[in-house]
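Okay, thanks for coming, everyone. I'll put the sequence and the structure up, and then we'll walk through a few spots together.

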Amino acid sequence: DGKTFKLSNGVSIPAVGFGTFANEGAKGETYKAVTTALRVGYRHLDCAWYYLNEDEVGDAVRDFLQETPSVKREDLFITTKVWNHLHRYDDVLWSLESSLQNLKTSYVDLFLIHWPIAAEKESQEKPKVGPDGKYVILKDLTENPEPTWRAMEKLYEDKKARAIGVSNWTIKGLEQLQSFAKVKPHVNQIEIHPFLPNNELVEYLFKHDILPQAYSPLGSQNQVPTTGEKVSENKTLTAIAEKRGYTLAQVLIAWGIRRGYVVLPKSSNPARIESNFKSIQLSDDDFAAVNAVADNRHFRFVNMKDTFGYDVWPEEAKAAIST
Ligand code: A2P
């Protein structure tokens with residue numbers, strides 16, 4: 001599907017992007033998945049330094065552009081992200097250089113700070129892990145990410161990134177970021193699906209002209225939600241899809257686009273990669289029916305303490321979990 005949104009700086013971004021996170025994926029899996037995605041029409045790839053597979057993404061992009069002369073690099077939208085141990089100014093610059101080399105391109109369309117957590121590095125290739133097995137947090141840089149954002153702005157000015165933004169940021173962090181930003185973030189990539197519609201944050205982003213991007217739009221299927229039931233097992237949602245002859249994934253993707261933001265489904269299965277990209281008509285009734293199911297009951301991304309051993313905005317995490 002060719003639907004696009006516009007970022008606040010006028011850059012056009014395809015509404016559906018292909019997620020390239022391959023959790024312990026076998027070598028070659030990312031290459032295959034990205035090749036399939038490009039062949040069935042995806043033009044937007046969501047990558048990250050942390051996924052450690054950007055060389056395979058880059059190989060797939062290079063080979064696809066070679067076999068398909070009608071498609072040029074400018075027709076693709078490629079995002080990457082800087083990982084937690086690379087938040088110092090020079091490390092941010094290094095991170096993008098490293099990603100560009102692996103992706104075999106001279107610029108990205110979007111560069112994001114992956115998490116609002118700055119951690120110490122063992123080396124540029126490796127985060128430092130403490131005796132408790134968790135990252136060693138850089139408290140100052142986490143609580144004041146201005147140097148990190150200055151590096152992002154530098155890369156934007158140098159046109160190494162056509163847009164810049166953040167990921168997993170909450171309202172509190174965005175307020176702080178915007179207080180010192182010369183270039184406002186164009187995007188905030190967060191987990192959004194019917195069990196985490198994130199309405200308040202999404203509304204805030206629209207109000208501030210920051211485009212939301214939804215990761216795990218299919219409901220974070222590989223994680224067990226705090227409440228047990230998975231999005232994919234919700235009877236109301238599966239009934240909507242069945243009634244129309246769509247897959248639930250197609251309904252969830254259409255729901256996100258209709259809410260006005262980018263969705264980033266991922267799959268390693270060729271048939272699912274293809275069907276996820278087939279756009280469907282979501283009727284007003286279907287849209288309302290999904291909205292009626294949607295409520296926040298899955299708080300993985302706000303609760304950074306479980307993942308990183310540190311809560312950046314503890315009051316906000318507490319408030320979300322007690323709602
Ligand atoms: P698979 O690679 O076997 O297709 P999320 O992005 O929400 O965290 O979830 C991604 C997971 O959803 C992947 O593990 C993927 O598994 C699965 N998935 C992707 N597309 C579909 C689909 N159309 N139907 C069911 N599961 C899907």
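Before I point at anything, one bit of vocabulary: when I say helix or strand, I mean a DSSP run, numbered from the N terminus, with at least four residues for a helix and at least two for a strand. With that in hand, find D209, which sits in the loop between helix 7 (199-207) and strand 11 (211-215). And keep in mind that this is a predicted model.

So, is D209 buried or exposed? It has 12 other C-beta atoms within 10 Å, and the cut-off for exposed is 12 or fewer, so D209 counts as exposed. If you want a partner to look at, try P185: it is 24 residues away from D209 along the chain, and the two C-alpha atoms are 8.9 Å apart.

Okay, on to the core. The largest nonpolar core has 77 residues. The ones with the most contacts inside it are V34, F111, M152, A161, V251, V262 and V263. Which helix gives the most to this core? That's helix 9, residues 248-259, with seven residues. As a general point, nonpolar side chains in soluble globular proteins tend to be buried together.

Let's zoom in on V34. Setting aside residues up to four places away in sequence, V34 touches F18, T20, L45, V57 and A60. There is also another core lying apart from the big one, and this other core has seven residues, including W115, I117, A118 and Y135.

Now, helix packing. Helix 9 packs with helix 11, residues 284-293, at an angle of about 95°, and their axes are 11 Å apart. That angle makes helix 9 roughly perpendicular to helix 11. Who meets whom there? From helix 9 you have V251, W255 and R258, and from helix 11 you have D286, F287 and V290. Sorted by class, this contact has four nonpolar residues, two charged ones and no polar ones. And V251 should ring a bell, since V251 was on that list of residues with the most contacts in the largest core.

Compare that with another pair. Helix 2 (residues 54-67) and helix 3 (residues 89-103) pack at about 45°, with their axes 7 Å apart. So here helix 2 is oblique to helix 3. On the helix 2 side, look for E54, D55, V57, G58 and V61; on the helix 3 side, S99, N102 and L103. The class count for this contact is three nonpolar, three polar and two charged residues. V57 is one of the residues touching V34, by the way.

Keep going past helix 3 and you come to the loop between helix 3 and strand 6 (110-113), where you'll find K104. What is the phi of K104? It's near 60°, a positive value in a residue other than glycine. For background, most residues other than glycine have a negative phi. K104 has 16 C-beta neighbours inside 10 Å, so it counts as partly exposed.

That loop between helix 3 and strand 6 also holds V108. V108 has 24 other C-beta atoms within 10 Å, so V108 is buried. Leaving out neighbours within four places in sequence, V108 is in contact with I78, T79, T80, L100 and A161. V108 also comes to 6.3 Å from K160, C-alpha to C-alpha, with their positions 52 residues apart in sequence.

There's another positive phi to show you. N168 has one of about 65°, and N168 isn't a glycine. You'll find N168 in the loop between strand 9 (164-167) and helix 6 (171-180). With 23 C-beta neighbours inside 10 Å, N168 counts as buried.

Next, the ligand. There are 17 residues around the ligand, and S216, L218, A249, S267 and S268 come nearest. Which helix gives the largest share of that shell? Helix 10, residues 270-277, with three residues. By class, the shell has 12 polar, three nonpolar and two charged residues.

Last stop, K305, in helix 12 (residues 304-308). K305 has 13 C-beta neighbours inside 10 Å, so K305 counts as partly exposed. Not counting residues up to four places away, K305 touches Y310, D311 and A317. The C-alpha atoms of K305 and A317 are separated by 9.1 Å, and the two residues are 12 apart along the chain.

That's my tour, so over to you.

Conventions
Residues are numbered from 1 along each chain as its sequence is written. This is a predicted model: local features need pLDDT of at least 70, side-chain atom pairs count only at pLDDT 80 or more; totals for chains, interfaces and linings use all residues. Axes are lines fitted to C-alpha atoms, for helices over the stretch in contact, and angles run from 0 to 180 degrees between N-to-C directions. Angles under 35 degrees count as roughly parallel, over 145 as roughly antiparallel, 65 to 115 as roughly perpendicular and the rest as oblique. Two residues are in contact if their C-beta atoms, placed from the backbone, lie within 7 Å. Ala, Val, Leu, Ile, Met, Phe, Trp, Tyr, Cys and Pro count as nonpolar, Asp, Glu, Lys and Arg as charged, and the others, Gly among them, as polar. A nonpolar core is a set of buried Ala, Val, Leu, Ile, Met, Phe, Trp, Tyr and Cys residues joined through C-beta atoms within 7 Å. A residue is buried if 20 or more other C-beta atoms lie within 10 Å of its own, exposed if 12 or fewer, and partly exposed in between; C-beta atoms are placed from the backbone. A residue is near a molecule or strand if its C-beta atom, placed from the backbone, lies within 6 Å of it.
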